[in-house]
Amino acid sequence: KGGVVALVGRTGAGKSTLCDLLLRFYDPSKGRITVDGVDLRRSTRASYIARTAVVQQTPFLFHTTIDENIRQGRYDASRADVERAAVDAQIHDHIASLPKGYDEEVGEAGVRLSGGQRQRITIARALLRDPEILVLDEATSSLDTASERAVQQALERLQEGRTTLVVAHRLSTVRRAT
């Protein structure tokens, strides 16, 4: 609990499959997955998923506003909560510079934003959700060096006090694992 576990391996080694099992997208046909010593199948899928958040290699954004994309992490959040998550994810200043700010439409799959900006919005979404368990599945692998540095700082803030599984190809991404 509260630790960071890293999983590094080549493409096709099963890293994402392990994430899918941990996130209960499906249950194992043999054996069991435990968190804090408890078999995941002992809780309902919905109650377990409510305790988790995932940041993936390819950030998924809805064709709606920045506010609504971040709010996907917690629908009942206030605008102040959304902005606090964006500050922590290091994307607030960019959002504030847009003509409509948080009410700016991101376009289909976030096409109006850079890869690093899309990734930081998904990090803000995860921060707003405030999960106990965080899965980072290749969260920085498709970014350039400058964007990776900014996103990595946001991810480090996101990991504080959470159980985190980091999946990566690059060792630089997992250097904080314990």
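## Salt bridges

At 64% relative accessibility, Asp76 counts as exposed in this predicted model, and its side chain meets that of Arg74 in a salt bridge with an N to O distance of 3.1 Å. Arg74, for its part, is partly exposed, its relative accessible area being 30%. This pair belongs to a structure that holds 11 salt bridges.

A salt bridge also joins Asp67 and Arg79, where the closest N and O atoms are 3.1 Å apart. That pair links distant parts of the chain, since Asp67 lies in helix α3 (residues 66-71) and Arg79 in helix α4 (residues 79-88), with the two residues 12 residues apart. Asp67 counts as buried at 7% relative accessibility, because the cut-off for buried is under 20% relative accessible area; Arg79, at 32%, counts as partly exposed. Both residues also take part in a network of salt bridges that links Asp67, Arg71, Arg79 and Asp103.

Another salt bridge is formed by Arg41 and Asp39, with 3.4 Å between the closest N and O atoms. Here Asp39 is buried, with a relative accessible area of 14%, whereas Arg41 counts as partly exposed at 36% relative accessibility.

## The largest pocket

The largest pocket encloses about 440 Å³ of space. It is lined by 18 residues, of which Thr52, Ala53, Val54, Arg125 and Arg129 are the closest to its centre. Two elements, β4 (52-56) and α6 (115-129), each supply at least two residues of this lining, and the largest share, five residues, comes from β4.

By class, the residues lining the largest pocket divide into 10 nonpolar, six polar and two charged.

## The second largest pocket

About 280 Å³ of space lies in the second largest pocket, which has 15 lining residues, the closest to its centre being Val5, Leu22, Thr34, Val35 and Thr163. The elements that contribute two or more residues to this lining are β1 (4-8), α1 (15-22), β2 (34-35), β5 (133-137) and β6 (163-168). Of these elements, β6 provides the largest share of the lining, with three residues.

In the lining of the second largest pocket, nine residues are nonpolar, four are polar and two are charged.

## Nonpolar cores

The largest nonpolar core contains 32 residues, among which Ile66, Ile70, Ile123 and Leu158 touch the most other members. Two or more residues of this core come from each of β4, α3, α4, α6, β5 and α7 (145-159), and α6 gives the most, with six residues. When neighbours within four places in sequence are left aside, Leu158 is in contact with Val55, Ile123, Ala126, Leu127 and Leu134.

A second, separate core consists of 12 residues, including Cys19, Val35, Ile133 and Val167. Val35 is thus named in two settings, as a member of this second core and as one of the residues closest to the centre of the second largest pocket.

## Elements that recur

Some elements appear under more than one heading. Helix α6 supplies at least two residues of the lining of the largest pocket and also gives the most to the largest nonpolar core. Strand β4 provides five residues of the lining of the largest pocket and is among the elements that give two or more residues to the largest core. Strand β5 likewise gives two or more residues to the lining of the second largest pocket and two or more to the largest core.

Technical notes: Residues are numbered from 1 along each chain as its sequence is written. This is a predicted model: local features need pLDDT of at least 70, side-chain atom pairs count only at pLDDT 80 or more; totals for chains, interfaces and linings use all residues. Side-chain values use heavy atoms; hydrogens and water are left out. A salt bridge is a side-chain nitrogen of Lys or Arg within 4 Å of a carboxyl oxygen of Asp or Glu. Buried means under 20% relative accessible area, exposed over 50%, partly exposed in between (1.4 Å probe, protein chains only). Helices (H or I, at least four residues) and strands (E, at least two) are DSSP runs, numbered from the N terminus. On a 1 Å grid over the protein atoms alone, a cavity is a set of points where a 1.4 Å probe fits but cannot get out, and a pocket is an open set with protein on both sides within 12 Å along at least five of seven lines; lining residues have an atom within 4 Å of a point. Grid points are joined across faces, edges and corners, and a volume is the space filled by probe spheres set on the points. Ala, Val, Leu, Ile, Met, Phe, Trp, Tyr, Cys and Pro count as nonpolar, Asp, Glu, Lys and Arg as charged, and the others, Gly among them, as polar. A nonpolar core is a set of buried Ala, Val, Leu, Ile, Met, Phe, Trp, Tyr and Cys residues joined through side-chain atoms within 4.5 Å. Contact means heavy atoms within 4.5 Å.
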